[in-house]
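Good morning, colleagues. Please take a moment to look at the structure on the screen before I begin.

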Amino acid sequence: MATNVYAYKCRRCGKVHYPYRTICKKCGENDHNEFDIVPLAKKGKLITYTHLYTLPADYETKALTLGIVELEDGNRITAQLNIQEPQIGMNVVGKVDVVRQDEYTKYLGMVFEKT
Amino acid sequence: MREVYVAGIGITSFTRLEYPLVEIAAYPGLMALRDSGIKKIDHLYVANMGSCRINHQSGLASAVVDHMSLTPAGAETIENGPASGGSAIKQGYMAVASGLHDVVMVIGAERMREVNSLDATDFVATLTHPHAEYIYGITLPSLAGMFTRLYMEKYGVTSRHLAMVAVKNQANAMDNFYAHIQQEITIEGILDSPEALTNNPYVADPLRFFDCCPVSDGGACVILATKDVLKKLEKPMIKLSGVGQATDSHAIHERKEPTDLLAVREAARQSFEMAGIKPRDVDVAELHDAFTILEIVESEEVGFFKKGEGHIALEKGVTKIGGELPINPSGGLKARGHPVGATGVAQAHEIVLQLRGEAEKRQVKNAKIGFTCNLGGFGNNVICLTFVKEEN
């Protein structure tokens with residue numbers, strides 16, 4: 001199983017984008033081959049979160065904890081949290097896991113826990 | 001560019017409608033034709049977000065134009081998420097202003113309750129970023145929940161403020177025959193009483209059931225025309241004076257300041273500048289309160305109140321009917337309902353009623369300038385319109 005979520009670093013100006021985009025938002029570089037694929041950092045701070053109780057059909061749990069994390073490399077990621085009582089500003093560490101599963105596909109993404 | 005006026009309006013009840021989407025679109029169109037006295041249009045725009053996905057119908061505008069026997073007028077379907085309605089009005093504005101057409105019909109219509117609520121929520125969640133948000137189980141309520149938590153932390157907004165928006169808008173909707181939610185609620189019932197958790201459970205905390213708009217079916221229509229056409233109709237002269245639109249990042253986490261809705265700020269600025277007015281000149285506004293927090297935030301971003309002070313204005317009653325700047329007299333998305341593609345047109349419908357002085361019990365006194373803010377995604381595509389009443 002994959003161990004990283006990847007971001008896209010502009011070869012011209014170094015700006016890292018997550019998720020992928022075709023034109024660099026900082027310098028305007030527009031050759032899509034001019035992005036290096038780099039792993040996102042795993043550690044970061046929780047910016048905000050929610051417990052979602054009305055879940056999409058693919059989930060069988062009662063609630064889903066979702067959050068936005070500011071990573072050590074300065075990027076942000078929206079992800080799932082495996083944390084009982086999240087708090088804004090807490091330190092978290094992520095690992096890649098199954099975040100959604102339907103009849104045909106397992107979708108992988110970042111799941112964060114307390115450090 | 002030519003000046004553009006509203007010649008006629010129409011609306012269906014917003015609720016669960018047991019008739020086909022094409023008819024949900026056609027009835028408000030028919031009402032608007034009757035209202036205006038116009039028999040023939042040059043062009044039809046139909047705003048809709050989900051017909052292909054949830055109603056098994058593509059080419060909606062072609063179906064509607066024929067259903068209404070308005071052929072051979074041109075017809076196009078406009079899909080721009082929950083901002084489809086505002087977008088379609090903007091297209092109509094451009095067609096008339098440019099000189100291409102003299103009379104344009106703009107309909108917004110949606111039939112979301114043909115599917116169950118899980119499918120409807122999933123349908124709206126397809127607006128989110130497919131790789132960076134959707135796969136995690138992110139839905140619009142969860143984005144709103146995370147946004148609300150940050151906003152509370154930063155600006156001191158509380159659950160009580162959110163409940164005040166819900167109570168105000170549901171009270172307004174009691175006087176709107178076409179509104180989906182016809183239920184008066186109290187802060188005690190949804191927040192303070194021992195039964196509050198049962199009455200008002202959490203959806204995406206801190207957001208609760210009464211912080212979220214319902215899933216509705218419904219349609220609305222405005223007919224736009226030139227000044228020459230309007231003069232012959234002897235209708236009140238309601239001018240579409242300002243049109244603004246702006247976009248923002250798709251994934252919310254990419255926004256520099258996740259509590260800002262920059263697209264709202266920019267779209268409103270454009271709309272006011274074009275109309276030549278200032279935000280505080282507005283007499284009545286319809287804002288996109290798909291979640292209660294959004295009414296507060298938008299009231300700041302469009303420039304009615306300073307950033308972080310929208311909830312204070314709410315507390316003081318400024319945004320009630322009878323206050324200095326009533327917001328969502330129709331009940332808003334919260335209580336009138338939110339058939340996604342129809343909402344932007346329904347907002348314009350309410351403002352035209354208000355400026356004409358035809359809003360009956362919910363009439364805002366002496367309303368001369370009206371404003372709408374129609375939000376797509378979670379603020380990634382926003383259309384703001386300014387309407388001004390001119391003396392005949």
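Which residues of helix 12 of chain B are buried? They are B:T292, B:I293, B:L294, B:E295, B:I296, B:V297, B:E298, B:S299, B:E300 and B:E301. I should state at the outset that the model before you is a predicted one.

Let me stay with this helix for a moment. Helix 12 of chain B covers residues 292-301, and ten of its ten residues are buried, so the helix is largely enclosed by the rest of the structure. The term buried here denotes a relative accessible area under 20%. After helix 12 of chain B comes B:G303, which has a positive phi, near 105 degrees.

I turn now to the sheet. Chain B has an open sheet of nine strands with mixed pairing, and the strand order is 3-2-4-7-1-8-11-10-9. At the edges lie strand 3 (74-78) and strand 9 (284-286) of chain B, each of which pairs on one side only. On average, neighbouring strands of this sheet are turned by 25 degrees against each other, with direction ignored.

Let us walk inward from strand 9 of chain B. Its pairing with strand 10 of chain B, residues 369-376, is parallel and extends over three bridges. In this pairing, B:V284 stands opposite B:G370 of strand 10 of chain B.

Strand 10 of chain B is also joined to strand 11 of chain B, by eight bridges, and these two strands run antiparallel. B:G376 has B:N381, in strand 11 of chain B, as its bridge partner. The two strands form a hairpin with four residues between them, and in this hairpin B:G377 adopts a positive phi near 60 degrees.

How many residues of strand 11 of chain B are buried? The count is eight of ten, and the strand, residues 381-390, is thus described as mostly covered. With strand 8 of chain B, residues 237-247, strand 11 of chain B shares ten bridges in an antiparallel arrangement. Here B:N381 appears again, standing opposite B:T247.

Finally, I move to the surface. A nonpolar patch is formed there by A:Y53, B:L197 and B:Y202, with about 290 Å² of accessible area together. B:Y202 belongs to strand 5 of chain B, residues 202-204. Is B:Y202 buried or partly exposed? B:Y202 is partly exposed, because its relative accessible area is 34%, and that class lies between the cut-offs of 20% and 50%.

Thank you for your attention.

How values were computed:
Residues numbered from 1 in each chain as written. Chains lettered and ligands numbered in written order. Predicted model: local features only at pLDDT ≥ 70, side-chain atom pairs only at ≥ 80, totals over all residues. Heavy atoms only, no water. Pairing = 2+ DSSP bridges. Axes fitted to C-alpha atoms, helices over the stretch in contact; angles between N-to-C directions. Buried < 20%, exposed > 50% of the residue type's maximum accessible area, 1.4 Å probe, protein only. Patch = residues over 30% accessible without salt bridge, like charges linked within 9 Å, V, L, I, M, F, W, Y side chains within 5 Å. Areas by Shrake-Rupley, 256 points an atom, 1.4 Å probe, with all protein chains shown as cover. Salt bridge = Lys/Arg side-chain N within 4 Å of Asp/Glu carboxyl O.
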